[in-house]
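Please study the sequence and the three-dimensional structure shown here before reading the briefing.

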Amino acid sequence: MRLLVTRPEPDGNTTAARLRSKGHDVIYDPMLRIAFEPPAPLPDGIQALAATSANAVRALAARADADIFRALPLFTVGGATARTASAEGFTSVVSADGNVDALHDLLVGRIDPAAGAVLYVCGRDRTGDLEIRLAGHGISAPLLVAYRADGAERLAAETVTAIEDENLDAILLYSRRTAGIFIRNLAAAGLLDKCRPCRALCLSEAVAAPLVEQGFAATRIAARPDAASLEALLEENS
């Protein structure tokens, strides 16, 4: 199959290589580019960390004072972020194995509000209100904005050619923001109509929403919000 992977580096390159090893023809055209923010001062009284993306963990690990964090309990939204944390030297990692709702429930069940705050390490552009929801349970969750994801301004030439030639079997999309940027760049290139018949394989219903709104009828949702479940859709649609 000829696939378009839109995930940012470094996960996108890893995904593209894995799919190529399975015999797929992969175009790698990330819709986001990750950049770490300058290290911000840390609040006092932190008892644990929370992260909803692997990039948040990587940004934290890149700080000069990263060793301060590595021994603290780190709660992650899913297994991929947890594995990244372990690889980066974090020694106490617990995964919610789900979405932000699952992470919220995990923190509420594990954290004693009287013991200190949970530092929520996140990106500049984020969805959801985890810190507000935790506050409703008396848990302080100050934000540490550790990275930003800059949107691509246009589609790569190889992507444009594949869509123009109707030579694209499926598009893999991992975040709602990525999907929105992809739609924007399709529209700018005058390719929305050409691309609508393509299968759009999405990590969640939220990711799929911008495509559904634009009339992409062949949109499929992963059974779980993880890369393995998303790639399993390739077998269903081959």
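The briefing below goes from the whole chain to single residues.

The model is predicted: local features need pLDDT of at least 70, side-chain atom pairs count only at pLDDT 80 or more, and totals for chains, interfaces and linings use all residues. Residues are numbered from 1 along each chain as its sequence is written, and side-chain values use heavy atoms, with hydrogens and water left out. The protein contains 11 helices and 11 strands; helices (H or I, at least four residues) and strands (E, at least two) are DSSP runs numbered from the N terminus.

**Overall form**

- The radius of gyration of the protein is 19 Å, which agrees with the value near 18 Å for a compact globule of 238 residues. This radius is taken over C-alpha atoms, and the globule rule is 2.2 Å times the number of residues to the power 0.38.
- The C-alpha trace spans about 60 × 30 × 30 Å along the principal axes.
- Of the 238 residues, 49% are buried. Buried means under 20% relative accessible area, exposed means over 50%, and partly exposed lies in between (1.4 Å probe, protein chains only).
- Among contacts with a separation of 6 or more, 64% are between residues 24 or more positions apart; a contact means heavy atoms within 4.5 Å.

**Surface and charge**

- About 11000 Å² of the protein is exposed, and carbon and sulfur atoms supply 49% of this area. Accessible areas come from the Shrake-Rupley method with a 1.4 Å probe, and for residues only the protein chains shown count as cover.
- There are 24 positive and 30 negative side chains, and the centres of the two sets lie 1 Å apart. Lys and Arg count as positive and Asp and Glu as negative, without His and the chain ends; each charge is placed at NZ of Lys, CZ of Arg, CG of Asp or CD of Glu.

**The loop between S1 and H1**

- Arg7 belongs to the loop between strand S1 (2-5) and helix H1 (11-21), and Arg7 is buried at 17% relative accessible area.
- Beyond residues up to four places away in sequence, Arg7 touches Gly12, Thr15, Tyr28, Pro30, Tyr174 and Ala227.
- The side chains of Arg7 and Thr15 form a polar contact of 3.0 Å. Such a contact is a pair of N or O atoms within 3.5 Å; within protein, one must be able to donate a hydrogen and the other to accept it, and residues adjacent in sequence count only if both atoms are side-chain atoms.
- Pro10 also lies in the loop between S1 and H1, and a cis peptide bond with omega of about -5° joins Glu9 and Pro10.

**Helices H10 and H11**

- Helix H10 (residues 205-213) has Val207, Ala208, Ala209, Pro210 and Leu211 buried. These buried residues pack against strand S9 (170-173), helix H8 (176-188), strand S10 (199-202) and strand S11 (219-221).
- The buried residues of helix H11 (residues 227-236) are Ala227, Ser229, Leu230, Glu231, Leu233 and Leu234, and their cover includes S1, H1, S9, S10 and S11.
- Glu231 in H11 has a relative accessible area of 8% and is therefore buried. Apart from neighbours within four places in sequence, Glu231 contacts Thr15, Arg18, Leu19, Lys22, Leu172 and Tyr174.

**Positive phi angles**

- Gly215, just after H10, takes a positive phi of about 85°.
- Asp97 is not a glycine, yet has a positive phi of about 50°; at 47% relative accessibility, Asp97 is partly exposed.
- Glu166, likewise not a glycine, has a positive phi of about 55°; at 62% relative accessibility, Glu166 is exposed.
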